[in-house]
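Please look over the sequence and the 3D structure shown here, and then read the briefing that follows on the ligand sites.

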Amino acid sequence: MRLLIKAGEIITPSERYVADIFCEDERITRIDRNIDNVRADEVIDASGKYVFPGFIDPHVHIYLPFMGTFAKDTHETASRAALVGGTTSFIEMICPARNEKPLEAFELWLSKAQGQSACDFTFHMGATRYDEEAESDFQEIVKRGISSFKIFLAYKGAFGITDQELYNTLMLAKKLGVITTAHCENADLVLELQKKLMSEGKTSPEFHYWSRPPVVEAEGVHHLMTFAEMTGAHVYTVHTSCEESLREAMRGAERGVHVWVETLIQYLLLDRTDAEKPNFEGAKNVMSPPLRDKKNQAVMWNGLRQGFVATLATDHAPFDFTTQKQMGKNDFTKIPNGIPSLEDRINLYFTHGVKGNRIDLHRFVETASTQAAKLFGLFPRKGAIQIGSDADLVVYDADYRGKISAKTHQMNLDYNSFEGFEIEGRPHVVTVRGKIAAHDGKFVGEFGRGKLLKREPTHF
Ligand code: URP
Ligand code: ZN
Ligand code: ZN
């Protein structure tokens with residue numbers, strides 16, 4: 001398949017120029033002013049449009065047994081949603097139960113994605129326990145091309161680990177050159193606060209926030225910084241929601257900790273009041289860490305602009321409102337946690353970030369694509385528009401106007417937390433390794449074409 005993209009404005013973290021891009025055998029083979037002397041199977045007129053490297057979501061959940069149920073998307077519905085929204089690769093969290101063998105969990109998660117996903121994918125390996133068997137499995141999993149771990153300081157009794165396990169995981173990560181992504185919240189505090197609130201009859205969704213206030217998250221980040229400082233391991237704080245947590249990460253960085261911070265589109269555009277909506281509607285917006293006070297939005301935007309926040313992800317974790325979220329009708333601690341946004345991240349970020357003058361085009365690409373590729377061993381195969389890179393490209397129509405709705409979205413979910421939000425721009429054409437996978441909001445890709453992206457450790 002030979003694909004020619006004509007006259008688009010190419011945007012990377014450091015460059016902006018108009019050129020043609022020629023792709024052969026899944027890769028970019030030429031970038032030039034006027035490429036006319038080639039035989040192409042398909043030609044796309046990108047004049048007046050941006051051309052971005054395919055976007056990467058570094059934090060998604062697709063196959064997820066969690067809180068007594070399973071996340072709703074399959075790798076077909078999730079990859080379809082990702083591609084229509086401009087995300088061409090994602091990194092999924094493998095979240096085994098503590099009694100599961102890590103290698104078996106890796107194989108299970110891989111079997112769910114392989115042969116189903118229409119876009120390329122890889123995994124962060126969840127280290128939900130640490131013992132001799134787990135250690136040897138983790139070494140094997142890294143050899144198989146998974147160069148990042150995921151740990152949970154929250155979810156006691158499910159995925160959460162002890163300090164001894166945390167220390168040993170980070171020691172191993174340091175030895176193997178693996179980066180460790182971390183959910184930072186103090187698990188014991190969450191548990192005690194949940195018990196207290198429930199015993200006071202505070203059972204509705206808005207009390208979720210009070211069981212996990214900013215200080216509980218900040219303590220988790222501080223804790224991680226201490227262990228990273230002691231071990232020299234490289235760490236990445238996922239779904240960072242508030243100023244208190246960002247400050248702890250920055251304090252760690254000042255002391256020499258190798259730390260990178262991720263935030264989510266939800267924290268930029270939604271706030272605590274969205275989880276306080278009456279008639280249990282707030283449950284749609286229950287996630288952990290919770291949506292915060294609005295003042296934190298400016299802090300996170302500023303962090304993305306200035307570079308204190310490295311990446312913008314989704315933490316996509318879809319649970320239906322009419323059935324699954326109802327599990328917590330009389331007990332907020334039982335509401336499956338998650339606000340899905342895999343499909344809408346890029347259009348919302350472009351609308352409120354670039355069009356809203358909060359972020360420039362270069363930081364937009366860097367935080368939503370290139371930085372994740374660099375941190376997680378995918379660059380320059382992904383996250384770049386250069387000769388030799390995979391031809392994952394997003395021809396973006398900044399003149400498009402539309403509205404987000406569950407009625408039209410591709411995700412396998414009965415609501416959308418961004419219902420009614422206006423978007424200014426959407427992908428015109430999305431390619432996966434040189435083949436068109438989405439066109440003006442329609443999926444035209446191929447299920448099962450997505451490949452596991454094997455990654456080498458780079459964090460020594
Ligand atoms: O609420 C969330 N974030 N759900 C997904 C699981 C996790 O903690 O990332
Ligand atoms: Zn988490
Ligand atoms: Zn997550």
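Ligand 1 is surrounded by H59, H61, Y155, H183, H239, M287, S288, D315, A317, N337 and G338, where a residue is near a molecule if one of its heavy atoms lies within 4 Å of it. The model is predicted, with local features needing pLDDT of at least 70, side-chain atom pairs counting only at pLDDT 80 or more, and totals for chains, interfaces and linings using all residues. Residues are numbered from 1 along each chain as its sequence is written, ligands are numbered from 1 in the order in which they are written, and side-chain values use heavy atoms, without hydrogens and water.

**Surroundings of ligand 1**

- The shell around ligand 1 is made up of three nonpolar residues, seven polar ones and one charged one.
- An oxygen atom of ligand 1 lies 2.6 Å from a polar side-chain atom of Y155, while N or O atoms in the side chains of H183 and H61 are found 3.0 Å and 3.1 Å, respectively, from an oxygen atom of the ligand (a polar contact is a pair of N or O atoms within 3.5 Å).
- The protein buries 99% of the 260 Å² that ligand 1 exposes when taken alone, with accessible areas computed by the Shrake-Rupley method with a 1.4 Å probe.

**Zinc ions**

- The zinc ion (ligand 2) has H183 (ND1) and H239 (NE2) as its protein donors, at 2.0 to 2.1 Å, donors being N, O and S atoms within 2.8 Å of the metal (3.2 Å for Na, K and Ca).
- A distance of 3.7 Å separates the zinc ion (ligand 2) from the zinc ion (ligand 3).

Definitions and conventions: A polar contact is a pair of N or O atoms within 3.5 Å; within protein, one must be able to donate a hydrogen and the other to accept it, and residues adjacent in sequence count only if both atoms are side-chain atoms. Ala, Val, Leu, Ile, Met, Phe, Trp, Tyr, Cys and Pro count as nonpolar, Asp, Glu, Lys and Arg as charged, and the others, Gly among them, as polar.
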